[in-house]
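Trainee: Got a minute to go through a model with me? I'd like to start with charged pairs.
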Amino acid sequence: MLTGSVLTTNNCMKYQFGLKDIFLVSLVFIFSCTSNEIGNSKDVNPDAVFFDYEIWAEEGKEDVTVNLQYRMGGKNGTTLVLDEPSKVILDGEQLNVDSAKVTGAYYEVQRPISSFAGKHTISFTDLNKKEYNEEFEFRPFTLDPDVPSTLNRGDLVFNFKGLEPVDYLSVILTDTSFTSKDINDVDTVRNGRLVIEANRLSALINGPIHLQFFREQLLPLKKPTKEGGKFMITYGLKRDFELKEAVKL
């Protein structure tokens, strides 16, 4: 998920993306300031553990990544290594701890996207052997029909499969000019249909266009600790096409 350049300042992570080569894994530019310090769950009241769950994938990539972190001190707090009997299990598989200088301690696994669509369960057990189960469904979406290689100016209509009757996508279109403003908005998809009106295309010049759609779901935790948590699922796809003037009859 970590694309673009990553800068770290005072344990803050800032994600920066090129003006014309934006490749996002979030609906918006991400700016987070979370601790990369590492502690032990045995030193924390079980009710004070914050769940930080993130799942992300992109069409065309082989794997979906499940990244689970546990924190002391809320969403920006110290990351925790789970001490026995505390543990985390994904679909019956116990996950092992890993760590990185930027992110601190985390529990991560990658699974093939082709077999990951459907329902899953994350089961966290605290030091008192109390279980906190979170069930979720991973649903990638697709374009149908696909984007043609050339599109004329006018209302651009895109049809999707796999979205809710009313859903929301981050829509990003970038051209090859450094002076244009490009398009970077969150749009509503109704019954699988999204329309980019012709007047919005005035932000783009004719020629190669890089198109990206991202869906970011912030899910409520069904069984959190008193401290709470965050559960985010991100999925995206991208296309390239050439934008031309409409043919005048």
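Trainee: What does Arg-139 form a salt bridge with?
Mentor: Its partner is Glu-164, and the closest N and O atoms are 2.7 Å apart. A salt bridge here is a side-chain nitrogen of Lys or Arg within 4 Å of a carboxyl oxygen of Asp or Glu.
Trainee: Which parts does the pair tie together?
Mentor: Arg-139 lies in the loop between strand 13 and strand 14 (142-143), Glu-164 in the loop between strand 16 (156-161) and strand 17 (166-174), so parts 25 residues apart in sequence are tied together. Strands are DSSP runs of E, at least two residues, numbered from the N terminus.
Trainee: Any caveats on the numbers?
Mentor: This is a predicted model: local features need pLDDT of at least 70 and side-chain atom pairs count only at pLDDT 80 or more, while totals for chains, interfaces and linings use all residues. Residues are numbered from 1 along each chain as its sequence is written, and side-chain values use heavy atoms, with hydrogens and water left out.
Trainee: How many salt bridges in the whole structure?
Mentor: The search finds 14. Among them, Asp-144 and Lys-161 meet at 3.1 Å, N to O.
Trainee: Switching to sheets. What is the order of the open sheet of four strands?
Mentor: The order is 9-8-12-13, with antiparallel pairing; two strands pair if DSSP finds at least two bridges between them. Strand 9 (93-94) and strand 13 (131-138) stand at the edges, each with a single partner strand, so one side of each has no neighbour in the sheet.
Trainee: And how many bridges join strand 8 to strand 12?
Mentor: Four. In strand 12, Phe-124 is the bridge partner of Val-88.
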